[in-house]
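The report below concerns cysteines and charged side-chain pairs in one protein chain. Please read it alongside the sequence and the coordinates.

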Amino acid sequence: MSKFVHLHTHSHYSLLDGLSKIDDLIARVKELGMDAVAITDHGVLYGAVEFYKKAKKAGVKPILGVETYVAPRDRFSKEAYERYYHLILLAANNTGWKNLIKLVTKAHLEGFYYKPRIDKEILREFHEGLIGTSACLGGEVNQALLAGKFEEAKKIALEYEEILGKGNFYLEIGDHPHIPEVVKVRPEIIKLSRETGIPLVATQDSHYLRPEDAEYHDILLAVQTGSRLSDDDRLTLKADDFSINSPEAMAEKFKDVPEAIENTVKIAENCNAELELNKILLPDFPKPDGKSANQYLGELVQERIGSRFPPKEQTPELKERLAHELSVIQKTGFADYFLIVQDLTNWAKNHSIAVGPGRGSAAGSLVSYILGITDVNPLPYGLLFERFLNPERIQMPDIDIDFADTRRDEVLAYAREKYGEDRVAQIITFGTMAARAAVRDAGRALGLSYALCDQVAKLIPFNLKLEEAIAKVPELKELNDKNEDVKKVLTAAKHLEGVARHASVHACGTVISKNALVNHVPLQLAPQDRANVITQFEMHSVEDLGLLKIDLLGLKNLTIIEEAVRLIKELRGEDLEISKLPLNDPKTFELLRAGDCTGLFQFESSGMRRYMKDIVPTELEDLVALVALFRPGPMELIPSYIKRKHGKEKITYLHPKLEPILKNTYGIGVYQEQMMRIATDLAGYT
């Protein structure tokens with residue numbers, strides 16, 4: 001362990017003032033020769049899992065922590081004059097990590113007033129396994145010292161030591177010579193340490209990585225606060241250096257108190273929380289008569305197979321495929337997953353909520369089709385179960401389910417009722433600054449004209465990052481080379497690009513836990529809907545922790561279909577079952593051939609309508625291929641596909657073995673299933 005460990009860093013997940021992206025942070029720490037680093041974002045644990053994984057992979061010790069806000073009296077008190085103090089908390093072990101999650105959750109759900117606040121009562125309750133430091137100037141100890149109340153500061157420091165336990169609380173000492181308050185407090189903190197025996201720890205409050213990043217961090221603050229750099233009264237941290245300093249620089253800054261440097265290493269050695277990743281934590285689906293999940297799933301499949309396949313269609317091939325799928329589900333331990341998902345879909349159908357026929361790899365599962373999760377028989381379309389669930393690459397299945405958008409909340413309410421309010425939540429998502437927005441925002445903060453920034457932003461293709469756009473778009477490169485203002489705004493925008501801008505609720509991600517979610521993830525109220533509790537970890541981190549993530553999508557088109565079915569019943573007295581409509585209706589294909597697709601899911605864009613007229617669809621396969629091809633990359637193959645369909649281009653195969661695989665798509669590889677079959681038939685993969 002090197003002689004200095006960085007304990008006080010704000011990542012870009014801080015949302016307001018952290019510029020450091022986690023990959024860059026870890027690279028910088030390694031570059032400076034440090035073996036460990038802590039992230040202590042303000043009041044949240046947003047980036048903890050991503051940080052932990054990436055630090056471990058890079059060989060840097062991750063220290064999990066948070067800069068909490070402490071209510072002056074208690075977390076429920078909301079007087080205008082008593083807002084909050086800062087306090088750094090680090091997880092020493094797994095108990096500490098779990099307590100950190102509980103504290104952050106309570107801060108958001110119970111103590112929110114301007115900021116998510118804990119209080120000393122819950123800190124006492126959940127103190128085990130935590131190491132605390134007195135934080136920056138906003139800390140309670142420092143505020144008392146700034147007010148000239150040394151004895152009160154001593155009392156506060158001793159109280160924190162008593163709460164956290166002797167040896168688990170440190171007095172934080174910083175070195176920001178251009179901030180008068182820091183200069184004033186520093187000798188007082190040293191004196192306080194000498195009188196109380198509470199050890200000192202050296203920190204560098206870091207909001208960006210290198211000293212030269214200061215101006216870009218300042219631009220970020222101006223963007224986030226809606227101000228300009230020229231404004232006199234705006235929030236800024238330019239008074240001093242808030243970058244990550246080298247161990248040598250820190251040793252020089254604190255040579256009068258070398259123990260403060262040594263204590264960073266001591267804390268790092270004592271912080272050993274380990275996140276348990278990729279362990280499957282599926283909730284138990286309630287099963288009758290004490291049956292196992294595998295047993296009950298098998299019974300449900302046998303019970304429902306007749307509704308999908310009459311006895312004469314239950315061929316040996318079908319039974320073999322079914323037995324194979326069930327054995328893989330049993331082997332991978334995902335029976336409960338299928339039981340949960342089929343229960344949600346069938347509950348919705350039984351309550352006349354329109355449910356989509358299935359999307360993505362789940363449509364390759366015969367078990368899903370028989371259970372009513374999907375309405376697509378995978379056999380006639382050659383859909384592979386292995387694309388969905390593979391015994392050689394065990395990972396959680398991913399079933400996306402579409403519901404009528406006006407009634408999706410009913411399905412969520414049912415899930416909460418069935419599994420418990422504390423076990424079901426929607427998942428957070430983070431909006432990051434895209435290239436165009438970064439240019440416009442940086443330009444506004446710099447005080448450049450809207451017209452210039454808009455001109456530059458419009459030259460950036462939506463699918464490219466700034467570096468790529470400058471390299472590939474000649475007009476943009478020319479402006480960057482010749483116009484100083486453009487160069488300035490593009491340089492600033494590169495630093496802002498990818499920084500987390502705001503948090504919101506993921507459009508469909510929902511997590512269901514075996515026990516209370518607060519045992520695994522920190523929770524908060526949704527920024528846009530304060531009645532809705534969401535996770536603080538985004539969907540990939542939720543999956544990394546082994547929790548069940550289900551995508552419950554609300555789809556406007558299904559609402560329209562649901563309403564149409566209702567009106568047909570009301571006006572004509574006919575019960576229409578959407579899943580049983582014929583797929584070869586001549587009048588439907590007439591509409592499609594005319595490009596009359598407004599309001600049709602995935603077919604209503606102008607590009608899709610144009611291709612629809614060119615392809616002149618005659619069967620479902622044409623529609624399926626067009627949807628698969630109509631995306632960046634494969635889109636280039638659409639003209640060739642259309643020509644081959646109409647006999648205007650020769651159908652060729654790179655190898656004779658490709659013909660049976662690509663025959664249906666005129667020799668063009670369109671589907672993932674085709675790529676998988678090429679890998680097995682030509683390259684010998686399993």
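What follows takes up the cysteines and then the salt bridges of this predicted model.

**Cysteines**

A search of the whole structure finds zero disulfides. Cysteine 136 is accordingly in no disulfide, and the nearest cysteine sulfur, which belongs to cysteine 271, is 19 Å away. Since a disulfide requires a pair of cysteine sulfur atoms within 2.5 Å, that distance of 19 Å leaves cysteine 136 unpaired. With regard to solvent, cysteine 136 is partly exposed, its relative accessible area being 22%, whereas cysteine 508 counts as buried at 8% relative accessibility.

**Salt bridges**

The search of the whole structure finds 50 salt bridges, among them the three pairs set out in the table, each listed with the separation of its N and O atoms.

| Acidic residue | Basic residue | N to O distance |
|---|---|---|
| Glutamate 162 | Arginine 124 | 3.0 Å |
| Glutamate 259 | Arginine 194 | 3.1 Å |
| Aspartate 398 | Lysine 549 | 3.9 Å |

Glutamate 162 forms a salt bridge with arginine 124. Because glutamate 162 lies in helix α6 (residues 150-164) and arginine 124 in helix α4 (residues 120-125), the pair ties together parts of the chain that are 38 residues apart in sequence. Arginine 124 itself, at 36% relative accessibility, counts as partly exposed.

In the salt bridge between glutamate 259 and arginine 194, distant parts of the chain are again linked, with glutamate 259 in helix α10 (residues 258-270) and arginine 194 in helix α7 (residues 180-196), 65 residues apart. The partners fall into separate classes of accessibility: glutamate 259 is partly exposed at 26%, while arginine 194 is exposed at 52%.

The side chains of aspartate 398 and lysine 549 also meet in a salt bridge, at 3.9 Å from N to O. Aspartate 398 lies in the loop between α14 (366-371) and β9 (400-404), and lysine 549 in strand β14 (residues 548-555), so this pair ties together parts that are 151 residues apart in sequence. Here aspartate 398 is partly exposed, with a relative accessible area of 33%, but lysine 549 is buried, with a relative accessible area of 4%.

Beyond these individual pairs, salt bridges also join residues into a network, whose members are Arg75, Lys106, Glu110, Asp119 and Glu121.

Technical notes
Residues numbered from 1 in each chain as written. Predicted model: local features only at pLDDT ≥ 70, side-chain atom pairs only at ≥ 80, totals over all residues. Heavy atoms only, no water. Buried < 20%, exposed > 50% of the residue type's maximum accessible area, 1.4 Å probe, protein only. Salt bridge = Lys/Arg side-chain N within 4 Å of Asp/Glu carboxyl O. Helix = DSSP H or I, 4+ residues; strand = E, 2+ residues; numbered from the N terminus.
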